[in-house]
Amino acid sequence: MTPTGLPMTVPDPALPTRVRVHEVGARDGLQNEQSVVPTEIKAEFIHRLADAGLTTVEATSFVHPKWVPQLADAERLFPLLGDLQGVRLPVLVPNERGLERALALGAHRVAVFASATESFAKANLNRTVDEALAMFEPVVSRAREQDMHVRGYLSMCFGDPWEGPVPLGQVVRVCRALLDMGCDELSLGDTIGVATPGHVSALLTALTEAEVPVDRVGVHFHDTYGQALANTLAALRHGVTTVDASAGGLGGCPYAKSATGNLATEDLVWMLHGLGIDTGVDLGRLSATSAWMAGHLGRPSPSRTVRALTHQEQ
Ligand code: HMG
Ligand code: MG
């Protein structure tokens, strides 16, 4: 239950009036879970997220099952979502093999996932940055021919566990390459959660100077150092209106042992609703869904808002 009348709505005229939440819990959240979640539970999770008002729910990945065993059931999961009307169900595809698997199941939206750094490109895709971009090119052009919407993720935009600081120009170059090959939107990933608001602001300024339209840019923060909401606010002040988040704060990063996961959707929605920003999300239903999923995973949700609303124990 949400407390009656709270949070109080106090709008900030410098901010957008509506934000689209790109829900990644079923993909980015679950992909880091060690124990494999049954396919039926994943399907129910996605249905409950849609019932809570989320209109973009990233469903799964068509990657090599050895690389991400948790999502090896993509072929069985995706058909269980066929009844969801009016909900966007993007899926990750790294290469043409992945795209073929997604096309065979009738997916309408795909995402490729690049890296701003060489170390992560190697660790995540077994490629250099440019080899990965070359791998995506035919994927994006074939997807566009099929009238699919294509998102281009970019990881390690604000820091890398092996390389440390990541120069802004490096990030801008890969963003431009993704847009130039035909991606409809970008998502700027702070994969290990090291960004701070001034850095977010500097990157968005650099992207604007490079003529990357801000209405095609989303942000994807991880909350490792507790900065995800502050970083989101900085992005909103630059006009960003697409924010990635994970129900209950599910997720993590295998390359950052202390990573606490993605920005929790409930924490994001609490802040946005307090600012009078429309999301279409029912916070009570969403928190109940995350508490239910936490029960399946056998530990409480790390989201402060889920804990406050459902009185979960630490
Ligand atoms: P590779 O070993 O270089 O693959 O991996 P390959 O191209 O040499 O192919 C080897 C074998 O894999 C072949 O089979 C292919 O058919 C098969 P064989 O001929 O030996 O029998 N194969 C596939 N099978 C099923 N589906 C496919 C597929 N592709 C090849 N799509 C590869 C390259 C890209 C496949 C691998 O590195 C991979 O799957 N990586 C995925 C990693 C991943 O999913 N990471 C998590 C997502 S990114 C993320 O979470 C960050 C994000 O949230 C933003 C942020 O926070 O920063 C998005
Ligand atoms: Mg992520």
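Which residues in H8 meet which residues in H9? In this predicted model, Pro 197, Val 200, Ser 201 and Leu 204 of H8 meet Ala 230, Asn 231, Ala 234 and Ala 235 of H9. By class, this contact has six nonpolar, two polar and no charged residues. Let's take a walk through the rest of the fold, beginning with the sheet, then the helix pairs, the ligand and two backbone details.

## The sheet

Nine strands form an open sheet, and they pair in the parallel sense. Reading across, the order is S2-S1-S9-S8-S7-S6-S5-S4-S3. The edges are held by strand S2 (56-57) and strand S3 (60-61). Each of these two has a single partner strand, so one of its sides has no neighbour in the sheet.

It helps to have a few residue pairs to look for on screen. Start at the S2 edge, where S1 and S2 are parallel and share two bridges. There, Glu 23 has Val 57 in S2 as its bridge partner. Strand S1 (residues 20-23) also pairs with strand S9 (residues 242-245), again in the parallel sense, over four bridges. In this pairing, Val 21 is matched with Val 243 of S9.

Elsewhere in the sheet, strand S5 (residues 109-115) runs parallel to S6, and seven bridges join them. Val 112 can serve as a landmark here, since its bridge partner in S6 is Gly 152. When you inspect any of these strands, keep one rule in mind: side chains in a regular strand alternate between the two faces of the sheet.

## Helix against helix

Three helix pairs are set side by side below.

| Helix pair | Angle between axes | Axis distance |
|---|---|---|
| H7 (residues 168-180) and H8 (residues 197-209) | about 50° | 10 Å |
| H8 and H9 (residues 228-237) | roughly 30° | within 8 Å |
| H10 (residues 265-274) and H11 (residues 283-297) | about 165° | 10 Å |

Take H7 and H8 to begin with. With their axes at an angle of about 50°, H7 is oblique to H8. Their crossing is right-handed. On the H7 side the contact is made by Leu 168, Val 171, Val 172 and Cys 175, and on the H8 side by Ala 202, Leu 203, Ala 206 and Leu 207. Sorted by class, that gives eight nonpolar, no polar and no charged residues.

H8 also packs with H9, the pair from the opening question. Here the axes cross at roughly 30°, which makes H8 roughly parallel to H9. H8 passes H9 in a right-handed crossing.

What about H10 and H11? Their axes pack at an angle of about 165°. Angles over 145 degrees count as roughly antiparallel, and H10 and H11 are therefore roughly antiparallel to each other. H10 passes H11 in a left-handed crossing. Thr 265, Glu 266, Val 269, Trp 270 and His 273 in H10 meet Leu 283, Leu 286, Ser 287 and Ser 290 in H11. This contact has four nonpolar, four polar and one charged residues.

## Around ligand 1

How many residues surround ligand 1? The shell has 22 of them, and the closest are Val 63, Gly 98, Ser 155, Gly 189 and Thr 191. By class, the shell divides into nine nonpolar, eleven polar and two charged residues. Helix H4 (96-104), helix H5 (118-125) and strand S6 (149-155) each supply at least two residues of the shell. S6 therefore deserves a second look on screen, being a contributor to the ligand shell and also the parallel partner of S5.

## Two backbone details

Where is the cis peptide bond to Pro 7 found? Pro 7 lies in the segment before S1, and the cis bond runs from Leu 6 to Pro 7, with omega near -5°.

The other detail concerns Asp 147, which has a phi near 60°, a positive value in a residue other than glycine. You can find Asp 147 in the loop between helix H6 (129-145) and S6.

Conventions:
Residues numbered from 1 in each chain as written. Chains lettered and ligands numbered in written order. Predicted model: local features only at pLDDT ≥ 70, side-chain atom pairs only at ≥ 80, totals over all residues. Near = placed C-beta within 6 Å. Nonpolar A, V, L, I, M, F, W, Y, C, P; charged D, E, K, R; others polar. Axes fitted to C-alpha atoms, helices over the stretch in contact; angles between N-to-C directions. Parallel < 35°, antiparallel > 145°, perpendicular 65-115°, else oblique. Left-handed = near helix turned anticlockwise from the far one by under 90°. Contact = placed C-beta atoms within 7 Å. Pairing = 2+ DSSP bridges.
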